[in-house]
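Visitor: I am new to this structure and would like a close look at one part of it. Please start with the charged side chains and how they pair.

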Amino acid sequence: MTTTVTLPQPSRLRWISNLWPVAFAIVMLLLLFVVPIAGGRSVTVFSLYNALQSFAGLGLIALALGLTMIIGEFDLSVVGTWALGGMIAVKLGGQNPLIGALAALIVCGLLGLLQGFIVSRFSLNSMAVTLAGYLVALGATGIIGDNKSQPYANFGITAAMNSPVAGVFSVRSLVAITVFIVVGLLFVLTRMGRDLRATGGGRRASRTAGVRVNAIVTLTFAASGALAALGGTLQSLGVATASSSPGLSPLIFGVTASL
């Protein structure tokens, strides 16, 4: 007796692969409303606004970690670059926040680039390399901030960044959401997403297929540093304070969210 097994068609598998993130997002949105109701509370417009404010500061850490996880690495330095980016933005962005933010992204992006180059060039464990990067970034943050929290005196910018847009959004959250959308489009519409997934799936096979693995690893760590710095910048300018000692809470949040 012969049993015939019908395998899903490639197009159907691709459709399912593209659909599950949307389904997951819908489930998470439902939980956002169901869990408070189950506890006898209600979700208000301010609840959504507040959640998106937290997302603006910490969500980009999860995105940075997620990118390095996709290529089979892990960036422990994101908390350091998150704090360093916020401190640089506060120190240099008093008159013009864009200058402070740009400086933060450049410095932390270069630090990530250096870490990625070391990992890819010498085939070193990314945990060890980025632990060193975390210590360097946190040490630099302490030096720049004199080991204290530093206030941001331009309260007009802070107020503008936190001003509600359509009730639930703000400039901070809209910037973070835009970054997520851009990264998502890069994955879907360009070769970059395919090469990132291929690198995480197998380095040797990826090189055989023509993927520039070392460049992908290096640039991913650079993007991780810049994204974490942007998250720290949004957080620090949004609360008008840059912290020299962020602790491990941002890392725990980022790891949980990205996983």
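How many salt bridges does a search of the whole structure find? Please look closely at those in helix α8, and then place that helix in the chain.

Guide: The search finds four salt bridges in the whole structure. A salt bridge here is a side-chain nitrogen of Lys or Arg within 4 Å of a carboxyl oxygen of Asp or Glu. In general, side chains of opposite charge can pair when their charged atoms come close. The model is predicted, and local features need pLDDT of at least 70, side-chain atom pairs count only at pLDDT 80 or more, and totals for chains, interfaces and linings use all residues. Residues are numbered from 1 along each chain as its sequence is written, and side-chain values use heavy atoms, with hydrogens and water left out.

Take helix α8 first, which covers residues 191-201. Helices (H or I, at least four residues) and strands (E, at least two) are DSSP runs, numbered from the N terminus. R191 and D195 both belong to this helix and lie four residues apart, about one turn of it. Their side chains meet in a salt bridge, with 3.3 Å from N to O. D195 also meets R194 in a salt bridge, here at 3.8 Å from N to O. Salt bridges with shared partners thus join R191, R194 and D195 into one network.

The three residues can also be described by how much of each is accessible. Buried means under 20% relative accessible area, exposed means over 50%, and partly exposed lies in between (1.4 Å probe, protein chains only). D195 has a relative accessible area of 9%, so it is buried. R191 is partly exposed because its value is 48%, and R194, at 48%, is partly exposed as well.

G201 is also in helix α8. It counts as exposed because its relative accessibility is 71%. G201 and G72 are 129 residues apart along the chain, yet their C-alpha atoms are separated by 7.6 Å.

Another of the salt bridges involves K148 and D146, whose closest N and O atoms are 3.8 Å apart. K148 has 48% relative accessibility and therefore counts as partly exposed. D146 is in the loop between α5 and β1 (150-151). Its phi is positive, about 55°, although D146 is not a glycine. Most residues other than glycine have a negative phi. S123 also has a positive phi, near 55°, and is not a glycine either. S123 sits in the loop between α4 (97-122) and α5, and it counts as exposed because its relative accessibility is 64%.

Helix α5 itself covers residues 126-144 and includes I144. At 36% relative accessibility, I144 is partly exposed. Leaving aside neighbours within four places in sequence, I144 is in contact with L84, M87, I88 and K91, where contact means heavy atoms within 4.5 Å. I144 and F117 are 27 residues apart in sequence and 26 Å apart in space, C-alpha to C-alpha. F117 is, however, one of the contacts of T218, the others being G112, L113, G116 and S120, again without neighbours within four places in sequence. T218 is in helix α10 (residues 213-239), and it counts as buried because its relative accessibility is 11%.

Now the chain that holds these parts. It has 11 helices and two strands, in the order α-α-α-α-α-β-α-α-α-α-α-β-α from the N terminus on. Its radius of gyration is 20 Å, close to the 18 Å that the globule rule gives for 259 residues, so the chain is as compact as a globular protein of that length. That radius is taken over C-alpha atoms, and the rule is 2.2 Å times the number of residues to the power 0.38. Of the 259 residues, 41% count as buried. Among contacts with a separation of 6 or more, residues 24 or more positions apart account for 77%.

As for charge, the mean positions of the 14 positive and 4 negative charges are 10 Å apart. Lys and Arg count as positive and Asp and Glu as negative, while His and the chain ends are not counted. The place of a charge is NZ of Lys, CZ of Arg, CG of Asp or CD of Glu.
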